[in-house]
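Got your viewer open? Let's take a walk through this one together, one selection at a time.

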Amino acid sequence: MTLVAMLLILAGLFFFAIGVLGILRFPDFYSRLHAAGKSDSLASVLVIVGVALYNLHDFSFANVLVSLKILLIAVFIYVASPTATHALTRTALVLGIEPWEKGKKRR
Amino acid sequence: MRQLQQRVETQQQVGESLITQTAVRLLVPFVQLFGLYVIVHGHYSPGGGFQGGVLLGSSFIMLGLAYDQKTVLRLMSERTNILFGNLGALIFTGVGALCAIFGGLFLDYSALDVLIPLGPIEWRSFGIFLVEVGVGLAVMSIMASLFWDLGSAGQMDEGL
């Protein structure tokens, strides 16, 4: 079980790294936000499930309760993070930030 | 691009979007429940009055951001808000002053043993809980009213 938890956490860290790469390298606000939002929700859920599994290495009722609380954080992130990304994108669109097109300068 | 922008603008007001509103409606009860949990478990886990109060206040800030000021003021009027804030400060200073009246120092809860005999150790634990409730109420009210006043420049009409 510890091995599975380690693999999940490592996969989460990998997706976090991809997200950081996207934030640093993509050309404009929308695509950067795309990289941040997508990889962030996947990676943080992987890490959280990994931590919840690792917490079960000595199995008892109290530890199961703690793991359930950790999983509730994952549910919260799945609702809140895409909503925040949506609100940011929508505000940027209303404020008139133009998307990048091929051949234009990076911003 | 321009077309898309106009469509968004004519559709609704700037801050309003169905997705945000639904998510906020889904999250607010749980955020408030978690705020109460943090206040009540303040003595033996991370958290306490201030943090729980901030969570409770931030639920109203979330409502104010997703909907508008009028909706929030219908749910929690300014008068009720100020009442809660003052009640919190009254609980805090009241518990402290009661301790001083019954022969201890200010906020020395073991002195309240004269009032209800629980034993001084139990009273120290319970007294912290009472004070945390007061702090939580005051912080909730101040957080919400700070956002309302700053977001509408003191007019309390539109909001962001």
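How many helices and how many strands does chain A have? Select chain A and colour it by secondary structure: you'll find three helices and zero strands. Keep in mind as you click around that this is a predicted model. Following the sequence from start to end, the pattern in chain A reads α-α-α.

**Stop 1: the outline of chain A**

Zoom out so that chain A fills the window. Its C-alpha atoms fill a box of roughly 60 × 25 × 10 Å along the principal axes. The radius of gyration is 18 Å, while a compact globule of 107 residues would have one near 13 Å.

Now switch on the surface of chain A. The accessible area is about 6900 Å², and carbon and sulfur atoms account for 77% of that. Of the 107 residues here, 32% count as buried.

Try colouring the charged side chains next. Chain A carries 10 positive and 5 negative ones, and the centres of these two sets are 6 Å apart.

One more thing about how chain A is put together: take the contacts between residues at least 6 apart in sequence, and 70% of them join residues at least 24 apart.

**Stop 2: A:Ile70**

Select A:Ile70, which sits in helix α3 (residues 61-95) of chain A. Is A:Ile70 buried or exposed? Its relative accessibility is 16%, under the 20% cut-off, so A:Ile70 counts as buried.

What does A:Ile70 touch, leaving out residues up to four places away in sequence? Show A:Ile48, A:Val51 and A:Ala52 as sticks, and you have its contacts. Then put a distance label between the C-alpha atoms of A:Ile70 and A:Ile48: the two are 22 residues apart in sequence, and the label should read 6.7 Å.

**Stop 3: over to chain B**

Hide chain A for a moment and select chain B. Its secondary structure is six helices and zero strands, giving the pattern α-α-α-α-α-α along the sequence. Chain B has 160 residues, and 36% of them are buried. With the surface on, chain B exposes about 9300 Å², with 68% of it supplied by carbon and sulfur atoms.

**Stop 4: the nonpolar core**

Which residues touch the most other members of the largest nonpolar core? Select B:Val24, B:Phe60, B:Leu63, B:Val72, B:Met76, B:Met140 and B:Trp148; the whole core has 14 residues. Colour three helices of chain B, α2 (18-40), α3 (49-66) and α6 (120-151), as each of these supplies at least two residues of this core.

**Stop 5: B:Leu137**

Stay with helix α6 of chain B and pick out B:Leu137. With a relative accessible area of 17%, B:Leu137 is below the 20% cut-off and therefore buried. Leaving out residues up to four places away in sequence, B:Leu137 touches B:Phe84, B:Gly85, B:Leu87, B:Gly88 and B:Ile91. Add B:Phe92 to your selection too: B:Phe92 and B:Leu137 are 45 residues apart along the chain, with 9.9 Å between their C-alpha atoms.

**Stop 6: an unusual angle**

Last selection: B:Leu107, in the loop between α5 (78-101) and α6 of chain B. What is phi of B:Leu107 near? The angle is near 65 degrees, a positive value in a residue other than glycine. Most residues other than glycine have a negative phi, so a positive one deserves a second look. As for the surface, B:Leu107 is partly exposed, with a relative accessible area of 25%.

Methods. Residues numbered from 1 in each chain as written. Chains lettered and ligands numbered in written order. Predicted model: local features only at pLDDT ≥ 70, side-chain atom pairs only at ≥ 80, totals over all residues. Heavy atoms only, no water. Helix = DSSP H or I, 4+ residues; strand = E, 2+ residues; numbered from the N terminus. Rg over C-alpha atoms; globule rule 2.2 N^0.38 Å. Buried < 20%, exposed > 50% of the residue type's maximum accessible area, 1.4 Å probe, protein only. Contact = heavy atoms within 4.5 Å. Areas by Shrake-Rupley, 256 points an atom, 1.4 Å probe, with all protein chains shown as cover. Lys, Arg positive; Asp, Glu negative; His and termini not counted. Charge placed at Lys NZ, Arg CZ, Asp CG, Glu CD. Core = buried A, V, L, I, M, F, W, Y, C linked by side-chain atoms within 4.5 Å.
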